[in-house]
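Reader: I would like to go through this model term by term. Please set each value against the cut-off behind it.

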Amino acid sequence: MNIQAPVKVDRAERMRRAREEAYATPLAQFHPGAPRLFQDDTLWPWFERLRKEEPVHYCTNAPIEPYWSVVKYNDIMHVDTNHGIFSSDSTLGGISIRDVPEGYDYPSFIAMDQPRHSAQRKTVSPMFTPTHLDELAKLIRQRSQTVLDNLPRNETFNFVERVSIELTTQMLATLFDFPWEERRKLTRWSDVSTALPKSGIVASAEERRREMDECYAYMSKLWNERVNSAPRNDLLSLMAHNDATRHMDPDNLMGNIILLIVGGNDTTRNTMTGSVLALNENPEQYEMLRKNPALIDSMVPEVIRWQTPLAHMRRTALQDTEIGGKHIKKGDRVVMWYVSGNRDEEMFERPNDFIIDRPRPRTHLSFGFGIHRCVGMRLAELQLRIVWEEMLKRFDRIEVVGEPKRIYSSFIKGYESLPVRIPG
């Protein structure tokens with residue numbers, strides 16, 4: 001049930017060194033958005049120090065343009081819920097710490113301001129109504145059962161590949177009514193669209209361009225089919241038959257498609273993997289869950305807080321303003337670090353601990369707040385709940401038997417691999 005001792009020793013030593021480095025580095029030299037901190041899982045003491053000493057911090061020590069880090073829960077809420085002051089618009093830089101690369105600035109409704117944002121967002125919201133989620137739940141359970149029944153026993157395998165990616169990609173294919181046999185294209189496009197140059201996911205900007213062009217050509221073909229056929233219950237058809245989105249220009253169409261692919265893939269997939277890791281790192285919590293499966297209902301939002309699959313969202317100041325006593329100028333980048341707000345000591349008791357019966361577990365920031373709150377959050381929770389219901393029925397435990405390999409990104413907080421073993 002627990003991670004092997006050598007892994008724990010390595011992690012403890014890594015964290016000790018990270019803490020020393022974070023507290024020895026002058027705040028003026030901080031770059032909390034450095035992807036290596038997330039890939040090495042050494043980000044925590046850097047954000048801890050910022051919360052204590054400078055919760056609104058201006059970074060000039062980065063290979064990108066300067067940016068403000070907002071790391072406390074209430075300050076993040078202030079930025080997230082004041083869309084009249086803080087813009088998501090792609091033409092101003094978009095929603096991630098780095099400006100969208102030229103040629104990839106596809107406008108999506110998450111990277112739009114009002115009134116266009118709500119008009120486009122509403123077109124896909126019928127996919128996530130309680131009635132439709134009840135229908136999807138049957139499909140999620142059936143597929144979860146099939147995937148889990150085919151896992152090997154007494155053999156190490158990659159949980160990310162065999163479970164997390166497979167289940168989320170199957171759901172994406174359903175949501176888009178995408179050709180089933182080619183569904184892994186969706187996973188690949190999601191990875192490529194958010195990949196940093198040093199991530200190793202693509203070898204060059206040219207390769208990335210080719211793959212995104214392939215995505216656009218493929219999805220445009222499906223779009224044209226939906227526009228010219230009767231309305232159906234999938235995301236493309238919903239957009240194709242609504243006046244707010246039916247006449248989108250090609251870049252806007254691509255933006256919304258990529259948004260929905262990434263939103264349906266990365267967040268659920270990485271939280272699913274994170275749940276197995278969290279329970280292995282906290283064996284007493286795993287034992288509680290096994291004895292009382294009803295705790296799944298509070299465990300799911302707790303793991304979404306603990307994992308925080310989207311580490312940050314960025315805004316651009318539309319006017320001079322103030323956050324936490326710091327003067328923000330019009331045009332400044334403002335980065336909301338959800339990953340830090342979810343560990344805010346003033347909001348969460350024992351914030352670094354994974355507590356599956358935590359009171360009020362849905363107070364986390366992982367889905368955002370305000371007009372940009374995640375449209376598919378209830379579907380994400382549903383998928384996580386069902387897969388754990390089915391895992392507890394089948395397996396006494398799933399053992400993590402090695403270190404996870406994390407993604408090189410300070411935007412997507414996720415995993416490339418997690419070696420696990422199910423005892424026979």
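Reader: Why is Cys-59 called buried?

Author: Cys-59 has a relative accessible area of 1%. Buried means under 20%, exposed means over 50%, and partly exposed lies in between, with a 1.4 Å probe and protein chains only. Cys-59 is therefore buried. This is a predicted model, in which local features need pLDDT of at least 70 and side-chain atom pairs count only at pLDDT 80 or more, while totals for chains, interfaces and linings use all residues. Residues are numbered from 1 along each chain as its sequence is written, and side-chain values use heavy atoms, with hydrogens and water left out.

Reader: How do you know that Cys-374 is in no disulfide?

Author: A disulfide is a pair of cysteine sulfur atoms within 2.5 Å. The nearest cysteine sulfur to Cys-374 belongs to Cys-215 and is 19 Å away, so the criterion is not met. By this rule the model has zero disulfides.

Reader: What makes Cys-374 partly exposed?

Author: Its relative accessibility is 27%. That value falls between the two limits for buried and exposed, so Cys-374 counts as partly exposed.

Reader: Why is His-132 called buried?

Author: The relative accessibility of His-132 is 14%, so this residue counts as buried. His-132 sits in helix 6 (residues 130-149); helices are DSSP runs of H or I with at least four residues, strands are runs of E with at least two, and both are numbered from the N terminus. Not counting residues up to four places away in sequence, His-132 touches Pro-126, Met-127 and Asn-233, where contact means heavy atoms within 4.5 Å.

Reader: What makes helix 3 mostly covered?

Author: Eight of the 10 residues of helix 3 (residues 44-53) are buried. Among them are Trp-44, Trp-46, Phe-47, Glu-48 and Arg-49.

Reader: How do you know that Arg-121 has no salt bridge?

Author: A salt bridge needs a side-chain nitrogen of Lys or Arg within 4 Å of a carboxyl oxygen of Asp or Glu. For Arg-121, which is buried, the nearest side chain of opposite charge is Asp-80, 10 Å away, so there is no salt bridge.

Reader: What does the side chain of Arg-121 reach?

Author: The side chain reaches the backbone oxygen of Arg-373 at 2.6 Å and that of Ile-371 at 3.5 Å. Arg-121 lies in helix 5 (residues 116-124). Leaving aside neighbours within four places in sequence, its contacts include Phe-109, His-372 and Cys-374.

Reader: Why are strand 4 and strand 9 said to stand at the edges?

Author: Three strands form an open antiparallel sheet in the order 4-12-9. Strand 4 (157-158) and strand 9 (399-400) each have a single partner strand, so one side of each is left without a neighbour in the sheet.

Reader: What makes strand 4 and strand 12 a pair?

Author: Two strands pair if DSSP finds at least two bridges between them. Two bridges join strand 4 to strand 12 (residues 419-421), so the two strands pair. Phe-157 stands opposite Val-420 in strand 12.

Reader: How do you know that strand 8 pairs with strand 5 and with strand 2?

Author: Five bridges join strand 5 (residues 312-317) to strand 8 (residues 333-337), which run antiparallel. Three bridges join strand 2 (residues 67-70) to strand 8, which run parallel. Both counts satisfy the rule for a pair. In strand 8, Trp-337 is the bridge partner of His-312, and Val-335 stands opposite Ser-69.

Reader: What makes strand 8 mostly covered?

Author: Five of its five residues are buried. Arg-333, Val-335 and Trp-337 point one way, and Val-334 and Met-336 the other way.

Key
Lys and Arg count as positive and Asp and Glu as negative; His and the chain ends are not counted. A polar contact is a pair of N or O atoms within 3.5 Å; within protein, one must be able to donate a hydrogen and the other to accept it, and residues adjacent in sequence count only if both atoms are side-chain atoms.
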